[in-house]
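This report goes through the structure shown below, from local strand pairing to the arrangement of the chains. Please keep the structure open while reading.

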Protein chains: 2
Amino acid sequence: MTNRIVQSPRRKSGIKRLRKLRTSIAEKGLDALLLSQPENLRYLSGFTGSSGWLLISGQNAILATDFRYVEQAKGESPDFEIIQTKQELRDWLPGLVSDLGWHKLGFEANFISYDSSHKLSEAIETKQVNLELVPTTGIAEQLRSIKEPEELGLITKAVELADAVFEQAKAIIRPGITEKEAAWEIEKILRQEGSEGMPFEIIVASGPNSALPHARPAEKIICSGEPVLIDMGARISGYCSDFSRTLFLGETDKSLQEIYNIVLKAQATAVERIESGMDASQADRLARSIVEQAGYGDAFGHGLGHGVGLAVHEFPTLGPSSSDSLADGMVFTIEPGIYLAGKGGVRIEDMVVLKNGKAKVLSKAKRDLLF
Amino acid sequence: MTNRIVQSPRRKSGIKRLRKLRTSIAEKGLDALLLSQPENLRYLSGFTGSSGWLLISGQNAILATDFRYVEQAKGESPDFEIIQTKQELRDWLPGLVSDLGWHKLGFEANFISYDSSHKLSEAIETKQVNLELVPTTGIAEQLRSIKEPEELGLITKAVELADAVFEQAKAIIRPGITEKEAAWEIEKILRQEGSEGMPFEIIVASGPNSALPHARPAEKIICSGEPVLIDMGARISGYCSDFSRTLFLGETDKSLQEIYNIVLKAQATAVERIESGMDASQADRLARSIVEQAGYGDAFGHGLGHGVGLAVHEFPTLGPSSSDSLADGMVFTIEPGIYLAGKGGVRIEDMVVLKNGKAKVLSKAKRDLLF
């Protein structure tokens with residue numbers, strides 16, 4: 001008999017993640033890293049409260065949060081030292097860092113506000129703490145972009161749920177219902193079938209509204225002959241899915257049928273030819289060149305896709321000006337679209353995982369032009 | 001007959017708001033202000049997209065957004081010049097500001113990230129644009145804190161909706177149902193009765209869970225004899241309500257009944273004695289001193305309340321370290337609470353409007369201890 005404590009898979013993966021983060025911290029020559037981005041907190045510590053800070057060094061793993069979340073933090077993050085904060089970051093951080101003997105602290109420069117970082121710098125100076133604040137970006141996000149098998153399992157469940165509900169959505173989206181009513185019916189099914197809230201507001205955009213890539217469901221009645229763009233997702237144990245299809249309700253304008261086939265071809269080409277090791281901008285090019293050659297380059301105004309995980313938009317970004325690179329284990333959307341103002345738009349979106357160098361589509365929903 | 005164009009109330013109030021903002025901009029010696037906080041954008045321009053920038057000077061009212069939202073911006077913000085942006089702020093702002101001849105540009109320091117502001121500063125230097133970036137906080141938020149009659153009307157509708165649904169919620173929250181099921185039933189009614197989504201995730205926290213001020217509804221079954229804390233709100237035309245009650249399901253622990261009466265007295269005292277012109281920290285003190293005198297000061301770990309409007313948390317902040325002042329036209333919550341770890345908690349929350357110097361409670365829901 002030993003006293004060895006059997007750890008849950010959650011705690012085991014938490015330890016692995018912390019080890020990787022500590023390697024990144026050491027590589028950057030930092031004593032410690034300060035994090036506050038909510039999905040990073042959940043990924044590293046399990047904490048799901050909306051307000052808190054992680055402080056990670058080679059030796060320490062601290063979760064600092066206020067009165068409202070202290071009890072929750074103790075339950076969710078048993079491997080972290082929980083500190084209850086009062087007032088603002090500048091009020092409690094300088095003293096703590098001084099006690100711990102850190103001199104070089106990284107912070108999340110694309111998440112902390114100008115104001116918070118400025119006030120913190122001032123407090124460090126006033127209190128004469130010997131501390132250099134170092135702006136960093138994407139340290140935890142890079143780790144999150146490569147999914148562990150368990151994470152991929154949860155993402156796949158979220159994809160399967162969206163797939164199953166989309167089959168029911170096809171029966172809901174009929175002429176006579178409003179976009180808002182349809183979106184609400186779809187949301188109810190998603191949530192009753194197990195989605196934890198909505199990772200983003202469902203889009204049901206019909207006719208000319210489908211030309212707005214981020215349309216909000218309106219009181220508009222869906223009519224026969226219109227294109228209807230649906231963009232929806234589910235969340236399972238924190239992990240998201242993101243999925244779009246464009247339905248044609250009966251005989252639709254020929255030019256919309258034409259753009260449907262271009263978008264379909266652009267998506268299929270990207271799925272087939274994207275490879276691990278490729279620049280994300282090059283992946284975008286695979287689909288964009290097809291849309292451009294067909295003469296609709298200006299009508300495809302957004303990027304090809306984005307990573308999906310605990311956040312519905314995360315690393316990597318697939319777009320013309322992205323500097324990210326694709327790697328095995330990444331999960332992202334491939335979602336070309338063409339939008340003709342005043343007429344209508346088409347987007348086809350699926351999530352893929354990069355495995356053995358190639359993109360594997362996670363969704364099983366059909367992509368053919370349906371009437 | 002004249003050619004005078006009849007303007008909608010929305011556009012009329014938009015013009016008034018811009019005039020006030022321009023006065024603030026001039027008072028601070030700025031040529032223009034850059035805004036990106038979503039509720040500020042909606043308040044000033046009507047734009048409801050999730051990504052965009054306003055640039056306001058004495059002469060200009062510009063809404064800059066990307067491809068996804070340009071069509072929407074044209075529809076929602078007819079009094080603004082719409083500019084389609086590509087790439088990041090640093091890529092398009094320096095050239096635009098240079099063309100417009102601005103030399104002193106305010107930005108929202110508590111909303112823009114360290115990284116964005118830093119990159120923008122670098123681009124301004126590289127492109128040799130003669131521009132000083134001036135951090136500002138709360139300029140538009142201060143305007144938003146004083147509600148116009150039309151805004152108060154919408155807030156009142158959101159309060160009435162929450163009131164009406166709470167009456168139904170009392171029948172839903174019975175022993176045997178889980179917190180999650182109850183929260184979902186309440187949400188469905190709120191949304192079917194007209195709430196636009198949920199301004200925040202509904203809290204239904206029973207027994208020991210009610211001691212977590214920001215508990216998330218769990219799979220826990222609600223039991224007889226437990227306290228159940230409900231925190232819920234509605235949204236009507238963008239405006240929120242926020243409301244809490246604590247129900248006792250049958251005969252409950254005497255100490256919880258005791259804290260209920262203390263919280264009730266603290267709330268009633270604050271409602272009665274809060275006055276326009278008072279410091280928000282002094283308002284907090286009115287309630288807190290009662291909780292402290294009863295020996296539960298440490299168990300009331302959050303502020304007394306917060307402004308509510310387009311955002312569910314906005315100016316003013318009512319708390320011990322707030323530097324805000326209260327004024328006629330402000331709408332905020334009064335929500336003292338006492339939380340006993342492992343046992344249970346009580347919070348009573350109502351929204352009030354300051355009118356003729358005094359707080360008027362907007363909610364009609366009863367506050368008596370119910371079994």
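How many bridges join strand β3 of chain A to strand β4 of chain A, and do the strands run parallel or antiparallel?

## Strand pairing in chain A

The model is predicted. In it, β3 (residues 61–66) and β4 (residues 81–85) of chain A run parallel and are joined by five bridges. Within this pair, A:A64 has A:I83 of β4(A) as its bridge partner.

Between the two strands, the chain passes through helix α3 (residues 70–76) of chain A. The resulting β-α-β crossover from β3(A) to β4(A) is right-handed.

## Overall dimensions of chain A

Chain A contains 10 helices and 18 strands. Measured out along the principal axes, its C-alpha trace spans about 70 × 50 × 40 Å. The radius of gyration of chain A is 23 Å, which agrees with the value near 21 Å that a compact globule of 371 residues would have.

## Domains of chain A

Chain A is divided into two parts: domain 1 covers 9–144, and domain 2 covers 146–361. Their C-alpha centres lie 34 Å apart.

The two domains of chain A touch through 10 residues of domain 1 and nine residues of domain 2. On the domain 1 side, α1 (9–27), α2 (38–45) and α6 (139–145) of chain A each supply at least two residues. The most comes from α6(A), with four residues. By class, this side of domain 1 of chain A has four charged, three polar and three nonpolar residues.

## Contact between the chains

Which elements of chain B give two or more residues to the side that touches chain A? They are α3 (70–76), α5 (114–126) and α8 (179–192) of chain B. Of the side of chain B that touches chain A, α5(B) provides the largest share, three residues.

The contact as a whole takes 29 residues from chain A and 29 residues from chain B. On the chain B side, the residues divide into 12 nonpolar, 12 polar and five charged.

## Relation of the two copies

A turn of 180° and a shift of 0.0 Å along the axis lay chain B on chain A with an RMSD of 0.0 Å. The two copies are therefore related as by a two-fold rotation axis. The same surface serves both copies, as 100% of the contact residues of chain B recur in chain A.

## Backbone details

Where does a cis peptide bond occur in chain A? The bond joins A:F315 and A:P316, with omega about -10°. A:P316 lies in strand β13 (residues 314–318) of chain A. In chain B, a cis peptide bond joins B:F315 and B:P316, where omega is about -10°. B:P316 is placed in strand β13 (residues 314–318) of chain B.

Another backbone feature concerns A:Q87, a residue other than glycine with a positive phi, near 60°. A:Q87 is in the loop between β4 and α4 (89–100) of chain A.

How values were computed. Residues numbered from 1 in each chain as written. Chains lettered and ligands numbered in written order. Predicted model: local features only at pLDDT ≥ 70, side-chain atom pairs only at ≥ 80, totals over all residues. Domains from an automatic or database assignment. Contact = placed C-beta atoms within 7 Å. Nonpolar A, V, L, I, M, F, W, Y, C, P; charged D, E, K, R; others polar. Least-squares fit on C-alpha atoms with pLDDT ≥ 70 in both. Pairing = 2+ DSSP bridges. Right-handed = clockwise from strand over helix to strand, strands pointing away. Rg over C-alpha atoms; globule rule 2.2 N^0.38 Å.
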